[in-house]
Amino acid sequence: MLGFPPISPDERPCTKNTPRRFAIVDPDMDPRNERPSPPFSNQQVGQLVALLRPVIDAISARIADHDPDPDRWLTINDLAAKLQVPVSWVQEKVSARLVPHHRVGRHVRFTRADLEALERLYQEKPAARQRRG
């Protein structure tokens with residue numbers, strides 16, 4: 001021995017068969033140290049989530065309603081999903097010609113104008129109040 005202090009396993013040079021070791025400069029980043037405490041408690045996180053839930057729901061609804069191509073033609077399935085009705089209901093109305101639609105060959109398609117006309121067609125009007133006399 002030449003008088004050098006013994007080499008710890010972390011300081012041994014890497015060879016082809018040994019795993020690489022890196023010098024850890026910041027003791028907070030040393031995985032052997034305990035992790036620092038989180039900046040928020042679980043109760044604070046729960047309160048924050050409760051406060052943000054309406055905002056998250058509103059944004060999610062806007063994203064779900066957003067159509068990247070407003071000029072896109074809708075299929076029967078698309079229209080049924082938009083109206084939240086069964087596909088069979090839309091098929092029955094189309095075959096009875098009770099809803100505005102377009103035929104492209106044998107395929108039925110709907111435009112945004114058709115959807116708006118359909119909404120106006122099935123819009124409930126408030127009933128006139130009857131006076132007792």
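In what order do the elements of the chain run from the N terminus on? They go α-α-α-β-β-α, and the views below pick out a few spots along that path in what is a predicted model.

**View 1. The whole chain, before zooming in.** Counting up the secondary structure gives four helices and two strands. The chain has 133 residues, and buried ones make up just 12% of them. About 12500 Å² of the chain is exposed, with carbon and sulfur atoms supplying 55% of that area. As for who touches whom, take the contacts between residues at least 6 apart in sequence: 41% of these join residues at least 24 apart.

**View 2. Helix α2 meets helix α3.** Two packed helices are described by the angle between their axes and the distance between the axes. Here α2 and α3 pack at about 115 degrees, and their axes lie 8 Å apart. The crossing of this pair is right-handed. On the α2 side, the contact is made by I76, N77, L79, A80 and L83, while α3 brings V87, W89, V90 and Q91. Sort those residues by type and you get seven nonpolar, two polar and no charged.

**View 3. Helix α2 meets helix α4.** Now look at α2, residues 76-83, beside α4, residues 112-121. This pair packs at an angle of about 40 degrees, with 12 Å between the axes. That angle makes α2 oblique to α4, because the roughly parallel class takes in angles under 35 degrees and the roughly perpendicular one runs from 65 to 115. The crossing of α2 and α4 is right-handed. L79, K82 and L83 of α2 make the contact with R112, L115 and L118 of α4. By type, the residues here split into four nonpolar, no polar and two charged. You may recognise L79 and L83 of α2, which take part in the contact with α3 and in the contact with α4.

**View 4. Q84, in the loop after α2.** Follow the chain into the loop between α2 and α3 (87-95), and you'll find Q84 there. Its phi is near 55 degrees, a positive value in a residue other than glycine. Is Q84 buried or exposed? With a relative accessible area of 74%, Q84 is exposed, since anything over 50% counts that way.

**View 5. R97, in the loop after α3.** This residue sits in the loop between α3 and β1 (102-104). R97 is not a glycine, and its phi is positive, near 60 degrees. Its relative accessibility is 70%, so R97 counts as exposed.

**View 6. V104, in strand β1.** The last close-up moves to a strand: V104 is found in β1. Which residues does V104 touch, leaving aside its neighbours within four places in sequence? They are W73 and R109. V104 has a relative accessible area of 45%, so it is partly exposed; that class lies between the 20% limit for buried and the 50% limit for exposed.

Terms used: Residues numbered from 1 in each chain as written. Predicted model: local features only at pLDDT ≥ 70, side-chain atom pairs only at ≥ 80, totals over all residues. Heavy atoms only, no water. Axes fitted to C-alpha atoms, helices over the stretch in contact; angles between N-to-C directions. Parallel < 35°, antiparallel > 145°, perpendicular 65-115°, else oblique. Left-handed = near helix turned anticlockwise from the far one by under 90°. Contact = heavy atoms within 4.5 Å. Nonpolar A, V, L, I, M, F, W, Y, C, P; charged D, E, K, R; others polar. Buried < 20%, exposed > 50% of the residue type's maximum accessible area, 1.4 Å probe, protein only. Areas by Shrake-Rupley, 256 points an atom, 1.4 Å probe, with all protein chains shown as cover.
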